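Thanks for sharing this one. Here are a few friendly notes to read alongside the coordinates.

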Amino acid sequence: MGDRGTSNHSGVTDFILVGFRVGPELHILLFLLFLFVYAMILLGNIGMMTIIMTDPRLNTPMYFFLGNLSFIDLFYSSVVAPKAMSNFWTESKSISFAGCVAQIFLFALFIVAEGFLLAAMAYDRFIAICNPLLYSVHMSTRLCAQLVAGSYFCGCISSVLQTSMTFTLSFCASRAIDHFYCDSRPLQRLSCSDIFIHKIVSFSLSSVIILPTVIVIVVSYMYIVSTVLKIGSTEGRKKAFSTCSSHLGVVSVLYGAVFFMYLTPNRFPELSKLASLCYSLVTPMLNPLIYSLRNKDVKDALSKLLDKKKSLL
């Protein structure tokens, strides 16, 4: 499997996830760090979904989107974290060929869906601030469901294309993936195929995914800022900006990490791993904190839920 005689991926039954290039003495520390982050992801995102589903006051488009954001964060982090943690305790660090395909497919699906969902959330904030009187008309239940379904659909189409392109490559040099999960960029380095066309198609696909979502977000906030600056009172401007600050924080963390990873040259794989760590685990951990700490409605709903739990004890 590891020699040049292998002509295509049909002879590959598994891969090796190299992970972080640190000494064995740091594996326990990294395991505990990953465990803490993943526990926070589970607690924060399941908690956020529970709050949104149980409090009738949060039955609005913004919280419908936020509940789906928590769902996506929970699942794409779960695609990565358990396998990464188990590899800190094993010598082989292997992942089956089918497991690698599944990991790339599911991670790509959810991360792309999150990008489109964040664009839908920006549009929601644009309507809420720039056209508040028509908010209930524009942001109907049907439209919200269509926007969320469209996000998952775009994620699925992108994932199918990305996964199929990656695994039509020939892997004949090595089975060792220099990453802590299966990703297309480190897999390209294992290929003995001519990947020039593959890189062009991957870049085009990424552009088709990223550019429209970034344009929607940027244009929405241009109109939002313009509208907010026209508000006469300082208190009114502050209240309007406060409804957008959480979303802006989430967008900044996710897209900052994604752009950093794609702009990092292949000769610095450790930097790519750090960027991947940010958007695969750190972002899903921070999102519930950002929305809960800066959102009065969520804090009130959480307080109400905790009081109800105490009264039942």
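The points below take up a helix pair, then the surroundings of one of its helices, and finally a single residue.

1. Please keep in mind that this is a predicted model. With that said, a good place to begin is helix α7 (residues 196-229), whose axis comes within 12 Å of the axis of helix α8 (residues 234-263). The two axes cross at roughly 155°. Since angles over 145 degrees count as roughly antiparallel, α7 and α8 are therefore roughly antiparallel to each other. Their crossing is left-handed.

2. Which residues make this contact? From α7 they include Ile210, Ile217, Tyr221 and Ile224, while α8 contributes, among others, Phe241, Leu248, Val251 and Tyr255. By type, the residues of the contact divide into 17 nonpolar, 3 polar and 1 charged.

3. On its own, α7 has 34 residues and reaches 48 Å from its first C-alpha to its last. That is close to the 50 Å expected at 1.5 Å a residue.

4. Several residues of α7 are buried, among them His198, Ser202, Leu205, Ile209 and Ser220. Ser206, Ile210, Thr213, Ile217, Tyr221, Ile224 and Val228 are also buried, and these residues take part in the contact with α8 as well. What covers the buried residues of α7 includes α3 (97-130), α5 (141-166) and α6 (184-189) in addition to α8.

5. Lastly, have a look at Asn87, which is found in helix α2 (residues 61-87). Asn87 is buried, with a relative accessible area of 7%. Not counting residues up to four places away in sequence, Asn87 touches Leu17, Lys93 and Ser94.

Methods. Residues numbered from 1 in each chain as written. Predicted model: local features only at pLDDT ≥ 70, side-chain atom pairs only at ≥ 80, totals over all residues. Heavy atoms only, no water. Axes fitted to C-alpha atoms, helices over the stretch in contact; angles between N-to-C directions. Helix = DSSP H or I, 4+ residues; strand = E, 2+ residues; numbered from the N terminus. Parallel < 35°, antiparallel > 145°, perpendicular 65-115°, else oblique. Left-handed = near helix turned anticlockwise from the far one by under 90°. Contact = heavy atoms within 4.5 Å. Nonpolar A, V, L, I, M, F, W, Y, C, P; charged D, E, K, R; others polar. Expected span 1.5 Å × (residues − 1). Buried < 20%, exposed > 50% of the residue type's maximum accessible area, 1.4 Å probe, protein only.
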